[in-house]
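Reader: Hey, I've just opened this one and I'm new to it. Can you walk me through it?

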Amino acid sequence: MGQEIIFLTILGMLAVTYIPRMLPLVALASKRLPEPVIRWLSFVPVAVLSAMLFPSLLLKDAAFNFSSENYFLWAAIPAFLLAWRIRSFFGTVALGMGLVAAGRYFFG
Amino acid sequence: MTSNVLTGDEAASPMLSAFKQVAPIVMGYLPVGAAYGVLAQQAGLSMLNTVLMSILVYAGSAQLIAVALFAVGVSPLSIIATTFVVNLRHLLMSASLAPNLKTWKKWELALFAYQVTDESFAVHSTRFARGDLNKTTCFGINYIAQASWAVASFAGFMAGSSIPDVEPLGIDYALPAMFIALLVMQTKNKLHILVAGFTGFVSIALVQAGADQWSVIIATVVGATFGAGVETWARK
């Protein structure tokens, strides 16, 4: 595929990515939303983070992976506990990465 | 170094606060952006197109999927349609941020929307929930994050296939670990825990059913509806 076609494809990707990001903010920010809608939206952060996170921890190739080599899952348990205790991004990310690195180093 | 996200450091200086809060995003973006750059180079994209996609589209998973599709010669329209579906979840994220930004001008909202990603959304919704609405911090976080993404894409492209393996350092766990921290910070009561577990379960079921590209947005809609429903029912 030529670079010009690739560039035009990128412009198409820009349009379909930007418009859904922009429309709700520009259209809704100045409006007083009905109370049930606000309440529904208040659950979106917890829901969307869970929807992205849990499959990455529990699944491998769309099948459950509870094997000892699933470092992503086992590192998540202390990471959750630490995040809950100290409420720190940085500490949680450092602990999680450290545990995954250690798991790979010591157990292959 | 530990930056406490609950109390924040925004009192010191808006830009300093942005640097502290964006650091975990950058740690996650560098390896993923570099991986994207490597794959784009191998898929036959020019250096310019590789970096332009990070600047113009700026959506991690969609970019990785797109280069995989370019590599096998899928038609441009299919690539654009796939990008649309994969990024549709940002519609919900923007809608969820909107009620916090009533006082912003339309052009500021349009500019801010350009950089709504999974990671920036998670950081901003945590900040907004504790009342940190500083505009300088908002844009500081967004621009530093995107700059790190674009630079990493470029470095990945240049390194080509000789990029060192990032796995021994556990760097591929930076984003999942950050999502863990952000999820915990968003979880403020028992109903939130219930919604998190329920949505995770729905999302896993959808992936297993083969609904890969739709799983996040469908699970989010189902999960938020479940939460609002339980809350309404509990009040009666």
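Reader: Across the interface of domain 1 and domain 2 of chain B, how many residue pairs are in polar contact?

Author: Zero, counting pairs with both residues at pLDDT 80 or more. Keep in mind that this is a predicted model.

Reader: And how many salt bridges between those two domains?

Author: Zero there too.

Reader: OK, so where do the domains of chain B run?

Author: The domain assignment puts domain 1 at 9-171 and domain 2 at 187-236. Their C-alpha centres lie 25 Å apart, and each domain gives seven residues to the contact.

Reader: How much area do they bury between them?

Author: About 620 Å², with 84% of it on carbon and sulfur atoms. On the domain 1 side, B:V85, B:R89 and B:L92 supply 61% of the area buried against domain 2, more than any other three residues.

Reader: Which helices does that side use?

Author: α4 (76-87) and α5 (89-97) of chain B each supply at least two residues. The largest share, three residues, comes from α4(B). By class, the domain 1 side has five nonpolar residues, one polar and one charged.

Reader: Switching topic: what about chain A against chain B, how much is buried there?

Author: About 7500 Å² between the two chains, 77% of it on carbon and sulfur atoms. Within chain A, the residues that lose the most area to chain B are A:R21, A:F43 and A:F89, together 12% of what that side buries. The contact takes 68 residues from chain A and 101 from chain B.

Reader: Which residues make the salt bridge between the chains?

Author: A:R39 and B:E231, whose side chains meet at 3.7 Å, N to O. The count between chain A and chain B is one. There are also 19 residue pairs in polar contact across that interface, both residues at pLDDT 80 or more.

Reader: Which element gives the largest share of chain A's side?

Author: That's α1(A), with 20 residues. The residues on chain A's side divide into 53 nonpolar, 10 polar and five charged.

Reader: I also clicked on B:T117. Is it buried or exposed?

Author: B:T117 counts as buried because its relative accessible area is 4%, under the 20% cut-off. B:T117 sits in the loop between α6 (106-113) and α7 (118-129) of chain B.

Reader: What does B:T117 touch?

Author: Leaving out residues up to four places away in sequence, B:T117 touches A:R21, B:Y29, B:Y58, B:H90 and B:M93. With B:Y29 there's a side-chain polar contact of 2.9 Å.

Note on methods:
Residues are numbered from 1 along each chain as its sequence is written. Chains are lettered from A and ligands numbered from 1 in the order in which they are written. This is a predicted model: local features need pLDDT of at least 70, side-chain atom pairs count only at pLDDT 80 or more; totals for chains, interfaces and linings use all residues. Side-chain values use heavy atoms; hydrogens and water are left out. Contact means heavy atoms within 4.5 Å. Buried area is the accessible area (1.4 Å probe) that two parts lose on being put together, summed over both. A salt bridge is a side-chain nitrogen of Lys or Arg within 4 Å of a carboxyl oxygen of Asp or Glu. A polar contact is a pair of N or O atoms within 3.5 Å; within protein, one must be able to donate a hydrogen and the other to accept it, and residues adjacent in sequence count only if both atoms are side-chain atoms. Helices (H or I, at least four residues) and strands (E, at least two) are DSSP runs, numbered from the N terminus. Ala, Val, Leu, Ile, Met, Phe, Trp, Tyr, Cys and Pro count as nonpolar, Asp, Glu, Lys and Arg as charged, and the others, Gly among them, as polar. Buried means under 20% relative accessible area, exposed over 50%, partly exposed in between (1.4 Å probe, protein chains only). Domain bounds come from an automatic or database domain assignment.
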